[in-house]
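Hi,

Here is the structure I promised to pass on. Have a look at it first, then read my notes on the aromatic rings below.

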Amino acid sequence: MNIIEQADAFAAIKKARAHLVVRHPFFGCLSLGLELEESTVTQTLATDGTFIFYNVDFVLGLSLKELASVIAHEVLHVAMKHHLRRGTRDPKKWNIAADYAINGILVKSGLFNLPDGGLFDAKYDNWGAEKIYADLPDSEEDEPDGPGGQPGQGNDDTEGEGDGAGSGPAGKPEPVGEVWDAKTKEGKALSPSEVADVERQIDSGVQEAARAEKSIGQGSSDVTDGILKGLAKIDLPWHEILK
């Protein structure tokens with residue numbers, strides 16, 4: 001990797017983010033609230049709710065729309081608070097469950113092109129990450145590689161023609177973007193009060209992004225409305241609610 005590749009990747013991810021701001025303001029506005037940081041820990045993109053970490057080689061291998069789609073994927077991790085909801089669950093298996101929950105939304109919208117081989121199963125339509133996690137076999141815990149909760153994958157640029165996770169060569173599905181646990185600046189786990197503060201900030205940001213999209217009159221408000229309804233009824237297992 002050289003300086004030119006690093007600069008090209010940074011320019012590409014900024015261009016993809018601008019693409020979202022113009023075409024899908026809800027996702028674009030939320031993405032602007034996340035800082036960009038190059039990383040060799042993730043093999044794709046990752047977020048901890050504060051940063052979007054990106055792998056230079058991965059970014060350079062994507063089309064504009066694929067990259068914008070993966071950024072939208074990361075934004076949904078944050079909007080759905082997946083970086084705050086893992087608890088004691090296995091990080092890798094939680095990432096897989098969260099990806100299934102998110103990719104179903106993106107695929108159904110028909111507006112995004114995730115890279116080939118992404119995690120998608122129509123079975124999990126409208127399922128929350130916790131419910132998907134409970135349904136996944138334990139053997140998934142060791143698949144795929146990645147840091148999970150430890151901070152540090154259609155080639156078409158026309159709108160409305162997304163084919164979701166693509167139809168590339170057969171193979172084991174892989175996450176196209178990771179979610180890592182939220183941490184303090186010192187790298188420690190958030191306290192309950194800090195989690196509550198972050199949740200309020202996310203709720204405020206989501207509502208503001210939805211209003212921005214409606215005021216601009218551009219984007220996918222039907223998709224946004226569905227996301228907001230889904231956020232309002234995130235299903236938690238009864239034992240977690242009691243806890």
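Before you look at the lysines, one definition: a charge sits over a ring if NZ of Lys or CZ of Arg is within 6 Å of the ring centre and within 35 degrees of the ring normal. Also keep in mind that this is a predicted model.

With that in hand, go to Tyr-133: Lys-93 lies over the face of this ring, at 4.6 Å from the ring centre. There's another case at Trp-127, where Lys-131 lies over the face, 4.5 Å from the ring centre.

Now for rings that pair with other rings. Searching the whole structure turns up 7 aromatic pairs. One of them joins Phe-26 and Phe-27, with 5.3 Å from centre to centre and 85 degrees between the planes. That pair counts as edge-to-face because its angle is over 60 degrees.

Are those two buried or exposed? Phe-26 is buried, with a relative accessible area of 0%, and Phe-27 is buried too, also with a relative accessible area of 0%.

Phe-27 has another partner: Phe-112, again edge-to-face, at 5.2 Å centre to centre with 70 degrees between the planes. Where do these two sit in the chain? Phe-27 is in helix α2 (residues 25-32), while Phe-112 is in the loop between α6 (91-109) and α7 (129-135). They're 85 residues apart, so this pair links distant parts of the chain. Phe-112 is buried, just like Phe-27.

Put the ring pairs together and you get a cluster of Phe-26, Phe-27 and Phe-112.

Cheers

Note on methods:
Residues numbered from 1 in each chain as written. Predicted model: local features only at pLDDT ≥ 70, side-chain atom pairs only at ≥ 80, totals over all residues. Heavy atoms only, no water. Phe/Tyr/Trp six-rings, centres within 6.5 Å; stacked < 30°, edge-to-face > 60°. Buried < 20%, exposed > 50% of the residue type's maximum accessible area, 1.4 Å probe, protein only. Helix = DSSP H or I, 4+ residues; strand = E, 2+ residues; numbered from the N terminus.
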